Amino acid sequence: MTSALPQALPYALIATDLDGTLLRAGDTVSARSYEALATARAAGAQHIIVTGRPVPQVRHVLDGLGYTGLAVCGQGAQVYDAARGSLLHSVSMDRELAEVALGKIEAEIGEVYAAVNQEGVDAEMLMEPGYRMWHPHLPTVRVPRRGDLWASPINKVLLQHPELDDDELTRVARGVVGDLVNVTMAGEHTVELQPPGIDKASGLARAAAVLGVPASSTIAFGDMPNDIPMFAWAAYGVAMANAHRELVAVADEVTLSNEADGIAVVLERLFG
């Protein structure tokens, strides 16, 4: 990655995370960010959303943006065609493997609280007792016991620990089961287990190939460690001012926070 961005350098693809990046509080996109993206599209660039959220938890945002392109969802497991309301690609997580991974983690650090995102465009997020949903506006279903989490195909597992913080939980889980599953921190109180080889980079690469845009023409925006693979894949990575220190360490640039229209600041510089 380069240390400075030429002021006139255009990008054909703008990849944006949602939570903590494009979205403000309440799942809203500011008028300034909306206009900056519209200006970039008018100049010939394409915008693609790359989010840890599965399709059912992101469609209301896409609808609000009038978004009709592809979206990478479920931490890279899903490529969703918003115009058609259908999945172009989806990778499920082996439920037996997920259960084994949870067991190994609990053998190391004691009880954890788990939730799962089910497969499909109309699937549900199931939460076992003890798991707390920190985005109450998103739809969830509480189940009485862990075994109920495995009732239908899933694409990822979400973890919380009653005492360990996110960084420590991620470190321990990666040390215990990192050879079995991909462990990532996607946000506050959001540590996730995914199928091996699945991350935002793999999903973005698949979607960009459909769009016919190479990594060398892609700029990416994010705020959490789960965006690190996307930054490594893209030509240029921009971290938000509110970003996790691990992402800041690999970013080419740090812009303003999501609440201060950090994406718009960069796009206005690039596209006018």
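Which residue in strand 5 stands opposite aspartate 81? Keep that in mind for a moment. First, a caution. What we have here is a predicted model.

Now the answer. Aspartate 81 faces serine 86. The pair belongs to strands 4 and 5. Strand 4 covers residues 78–81, and its pairing with strand 5 is antiparallel, over 4 bridges. The two strands make a hairpin, with 4 residues between them. Look at the turn. Glycine 85 sits there, with a positive phi of about 65 degrees.

Let's step back to the sheet. This is an open sheet of 8 strands. Read across, the order is 5-4-3-2-1-12-13-14. The pairing is mixed. What stands at the edges? Strand 5, residues 86–90, and strand 14, residues 253–254. Each has a single partner strand, so one side of each has no neighbour in the sheet.

We have seen an antiparallel pair. Here is a parallel one. Strand 12, residues 218–222, pairs in the parallel sense with strand 13, residues 236–239. That pairing also runs over 4 bridges. Find phenylalanine 221 on your screen. Opposite this residue, in strand 13, is valine 238.

On to the pockets. How much space lies in the largest pocket? About 740 Å³. Its lining has 40 residues, and the closest to the centre are Asp19, His135, Gly187, Glu188 and Thr190.

Which elements supply at least two residues each to that lining? There is helix 1, residues 18–22. Then come strand 9 (154–160), strand 10 (182–187) and strand 11 (190–194). Strand 9 gives the largest share, with 3 residues. Now sort the lining of this largest pocket by class. There are 16 polar residues, 13 charged and 11 nonpolar.

Next, the second largest pocket. Its volume is about 280 Å³. The lining of this second largest pocket has 13 residues. Nearest the centre lie Arg41, His47, Tyr67, Thr68 and Gly69. Two elements give two or more residues to the lining of this second largest pocket: helix 2, residues 31–42, and strand 2, residues 46–50. By class, the lining of the second largest pocket divides into 7 nonpolar, 5 polar and 1 charged.

To recap. The sheet is open, has 8 strands and mixes its pairing. The hairpin joins strands 4 and 5. The largest pocket holds about 740 Å³, and the second largest has a volume of about 280 Å³. And the opening question? Serine 86 is the residue opposite aspartate 81.

Methods: Residues are numbered from 1 along each chain as its sequence is written. This is a predicted model: local features need pLDDT of at least 70, side-chain atom pairs count only at pLDDT 80 or more; totals for chains, interfaces and linings use all residues. Side-chain values use heavy atoms; hydrogens and water are left out. Two strands pair if DSSP finds at least two bridges between them. On a 1 Å grid over the protein atoms alone, a cavity is a set of points where a 1.4 Å probe fits but cannot get out, and a pocket is an open set with protein on both sides within 12 Å along at least five of seven lines; lining residues have an atom within 4 Å of a point. Grid points are joined across faces, edges and corners, and a volume is the space filled by probe spheres set on the points. Ala, Val, Leu, Ile, Met, Phe, Trp, Tyr, Cys and Pro count as nonpolar, Asp, Glu, Lys and Arg as charged, and the others, Gly among them, as polar.
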